[in-house]
Amino acid sequence: MSEQDEYRGFAPEHDAPIPYMKRIRDYYLALGYGEPYRWAHYAEVPFQPLERPLAECRVALITTAAPYQPGKGDQGPGAPYNAAAKFYAVYSGDSAVDHDLRISHIAIDRAHTTAEDSNTWFPLPQLRRCAAAGRIGEVAARFHGAPTNRSHRTTLETDCPELLARCRADAAEAAILVAN
Amino acid sequence: MCHQTVSLAARHLEENGIATIVMGCAKDIVEYCGVPRFLFSDFPLGNAAGRPQDPQSQAFTLELALRVLEAAPAARTTVQSPLRWSADPSWKLDYSNIERLSPQEIQRRRQEFDRQKEIAKTIRDEPAAAQ
């Protein structure tokens, strides 16, 4: 019996989180784009404990999804990448009602998922159920859309302060940020 | 890009007194940036809030996020959801994997990338479209 056989309870080597930064770097190098992207990276991380039980907190939801825009091409489900559906400024919507948000402008995994069910990236209905059940205090009056920008400067100096201002205006004490 | 954006936003909110939890599927990007709390779902990008057409997995995923939000003991707390996308993990080999693409496909993707970049630039440069 080889050593490999002895440890056959192990998962396959590739059954680990996808190394996206390496994949993306190798991908764009092979496509002919020379300078690898410099990802945001910090040694220090802030930490703000909740000051009250979650059942008393007002919680905001932040998404990178975009409102559906008729006339801006295929936005799914199953749409190919669609840069025409991108947005470049923070937007907000009423948390009390449902919204048609799409992710065709984002490099999701199109080989293995189709963006057919917005609850997999925009859990506003589920968050409202949590509020109704008393799990959280309440959902903040607005949810917020964060533009995905290659420019760190734009994200850090324009979009992040805008998101903060809107969360503060709604007196949110906590925020759930859903990435795509 | 998307995981980086929400990570930077989470840091900024946290620095200013708002407790945050990031829900995401790209573990390396979020942890490299560094966030206070992170619920990682080992799912294809686009499913950070649960499995499609599976309300139970969506409710479970959000509940897990809330538990991390209230119970994380320190910054850089990552919890990995126990949910599995598929019993077969081979889907993880596909995303942007240059080793799986033919030279013709690489060429086609380059042209498509340039085309999409041009479209994005047009939108970004239109002041009204930014609203």
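Select helix H3 of chain A (residues 124–132) together with H3(B), and you will find the two packed at an angle of about 65 degrees with their axes 10 Å apart; axes here are lines fitted to C-alpha atoms, for helices over the stretch in contact, and angles run from 0 to 180 degrees between N-to-C directions. Helices (H or I, at least four residues) and strands (E, at least two) are DSSP runs, numbered from the N terminus. The model is a predicted one, in which local features need pLDDT of at least 70 and side-chain atom pairs count only at pLDDT 80 or more, while totals for chains, interfaces and linings use all residues. Residues are numbered from 1 along each chain as its sequence is written, and chains are lettered from A and ligands numbered from 1 in the order in which they are written.

Staying with this pair, the crossing of H3(A) and H3(B) is right-handed, that is, the near helix is turned clockwise from the far one by less than a right angle. Show the side chains next: A:Gln126, A:Leu127 and A:Cys130 meet B:Gln58, B:Ala59, B:Leu62 and B:Leu66, where contact requires C-beta atoms, placed from the backbone, to lie within 7 Å. This contact holds 5 nonpolar, 2 polar and no charged residues, with Ala, Val, Leu, Ile, Met, Phe, Trp, Tyr, Cys and Pro counted as nonpolar, Asp, Glu, Lys and Arg as charged, and the others, Gly among them, as polar.

Move on to H4(A) (residues 152–169) and H1(B) (residues 2–15), whose axes come within 9 Å and cross at roughly 55 degrees. That angle makes H4(A) oblique to H1(B), since angles under 35 degrees count as roughly parallel, over 145 as roughly antiparallel, 65 to 115 as roughly perpendicular and the rest as oblique. H4(A) passes H1(B) in a right-handed crossing. Among the residues to select here are A:Leu156, A:Cys160 and A:Leu163 on H4(A), and B:Leu8, B:His12 and B:Leu13 on H1(B).

Now colour strand S7 of chain A (residues 174–178) and S1(B), which pair in the parallel sense over 5 bridges, pairing being assigned if DSSP finds at least two bridges between two strands. Within S1(B), B:Ala19 stands opposite A:Ala174.

Finally, widen the selection to the whole interface, where 74 residues of chain B are in contact with 73 residues of chain A. The largest share of chain B's side, 14 residues, comes from H1(B), and by class that side has 41 nonpolar, 19 polar and 14 charged residues.

Notes. Two residues are in contact if their C-beta atoms, placed from the backbone, lie within 7 Å.
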